[in-house]
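Welcome! Here is a short guided report for anyone meeting this structure for the first time.

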Amino acid sequence: MPTTLITTPTFARHSARPWKILDEAGAGPLRPYEDVALPTAELLSYAAGADALIVGMDPITAEVMDAAPRLKVIAKHGVGVDTIDVAAAHARAIPVVCAPGSNSRAVAEYTFGLLLSATRSLAASHTAVAAGGWPKLFGPELHGKTLGVVGFGRIGRLLAGYARAFGMELLAHDPYVSEADVRAHGAEPAALDALLERADAVSLHTPPDPSGTPLLDRARLAAMKPGAVLVNAARGGLVDEHALADLLGSGHLGAAALDAFSTEPLPADHPLREAPRTLLTSHMAACTPEANQAMGAMVAEDVVRVLAGQEPRHQAR
């Protein structure tokens, strides 16, 4: 019988349906399910007996694939497949599947929450009050301010809708979306550098460059509007985090709210831990019961389809 190696600790946390889909197809888990991520050494060891992988943020490299001679499908329990070497998988005729759209609303809502919290210093106020203080922290209203959305797919468009409801002006940059489509969703198309210069707040919703070069390097962060707020609930590799800490420290940037980092968990000596006006969360934007149920079912169904010799519905290219 085929076996499925599940490495993500959040798989099916809020619904038994994904387990049922796998069990009914006889593709049960290769190891007892644990509520912790699987270390790399154990991943390589277990992979040898796996017909399918369901993974979270694990780096699935050519080495992992070569350690799994029975492997027929790799499923990302989520949307972005940048932690999977898709080209290596295709070279080995292993389809990579994911769950597009499953967490879009969860991430968009969370992102807007980060923007509100960072702008009005909610986390700082809570910390001070809990410690016995009673500060009156000022922050700007969002109404009339300009939000720059970098990446105008499902999440970016949902975020734009929330921002419009607050009376914000919208700029959007996405080389894969037509200007007409951007305008149809209430935003003004803009080149990236122009967006950074004009926006009072910038939110990132795009995959990182495969080369590892940050989209917002030191020069682009420095070119942002003085006092601007940066929100990143996408991927840590999008931002030069050391430069961001420096520009927060100098006062050039007003605040930053981050849910994704280049190294996770965040190292103890990371400069953003000590940077002022930051809100740091643990890559949890997609953590809603609704998103968890949807993505678990979607990837389980595609795993079963591939193991049965059928085409998956949600294959990453």
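The sections below go through a sheet, the helices around it and a helix further along the chain.

## The model and its annotated domain

Please keep in mind that this is a predicted model. An unreviewed UniProt entry lists residues 112-285 as "domain: D-isomer specific 2-hydroxyacid dehydrogenase NAD-binding". In the model, the end C-alpha atoms of that span lie 10 Å apart, and its make-up is 34% helix and 16% strand.

## An open sheet of 7 strands

A good place to start looking is the open sheet, whose 7 strands follow the order β7-β6-β5-β8-β9-β10-β11 with parallel pairing. β7 (188-189) and β11 (278-280) stand at its edges with a single partner strand each, so one side of each has no neighbour in the sheet.

## A look at strand β8

Which strands pair with β8? On one hand there is β5, which runs parallel to β8 and is joined to it by 4 bridges; here G148 stands opposite V202 of β8. On the other hand, β8 (residues 201-204) pairs with β9 (residues 229-232), again in the parallel sense and over 4 bridges. In β9, V231 stands opposite S203, while N232 is the bridge partner of L204.

Now follow the side chains. In a regular strand they alternate between the two faces of the sheet. In β8, A201 and S203 point one way, V202 and L204 point the other way, and all are buried.

## Helices around the sheet

The route from β8 to β9 includes helix α10 (residues 218-223), and together the three make a right-handed β-α-β unit.

Helix α5 (residues 104-120) lies across β5 (146-150), β8, β9, β10 (255-258) and β11. Its direction is at about 150° to β9. Helix α11 (residues 241-250) also packs on the sheet, where it touches β9, β10 and β11; the angle between α11 and β10 is about 145°.

## Helix α12 and its surroundings

How many residues does helix α12 have, and what span should they give? At 1.5 Å a residue, the 19 residues of α12 (residues 289-307) should span 27 Å, and the end C-alpha atoms are indeed 27 Å apart, so the two agree.

Many names appear on the list of buried residues in α12, including A291, M295, M298, V299, V303 and V306. The buried residues of this helix pack against β1 (4-6), α1 (17-24), β2 (52-55), β3 (73-76), β4 (96-97) and α5. After α12 comes G309, with a positive phi near 85°.

Key. Residues are numbered from 1 along each chain as its sequence is written. This is a predicted model: local features need pLDDT of at least 70, side-chain atom pairs count only at pLDDT 80 or more; totals for chains, interfaces and linings use all residues. Side-chain values use heavy atoms; hydrogens and water are left out. Two strands pair if DSSP finds at least two bridges between them. Helices (H or I, at least four residues) and strands (E, at least two) are DSSP runs, numbered from the N terminus. Contact means heavy atoms within 4.5 Å. Axes are lines fitted to C-alpha atoms, for helices over the stretch in contact, and angles run from 0 to 180 degrees between N-to-C directions. UniProt positions are given in the numbering used here, feature names are shortened, and annotations may be inferred rather than shown by experiment. The expected span of a helix is 1.5 Å times one less than its number of residues. Buried means under 20% relative accessible area, exposed over 50%, partly exposed in between (1.4 Å probe, protein chains only). A crossover is right-handed if, with the strands pointing away from the viewer, the path from the first strand over the helix to the second runs clockwise.
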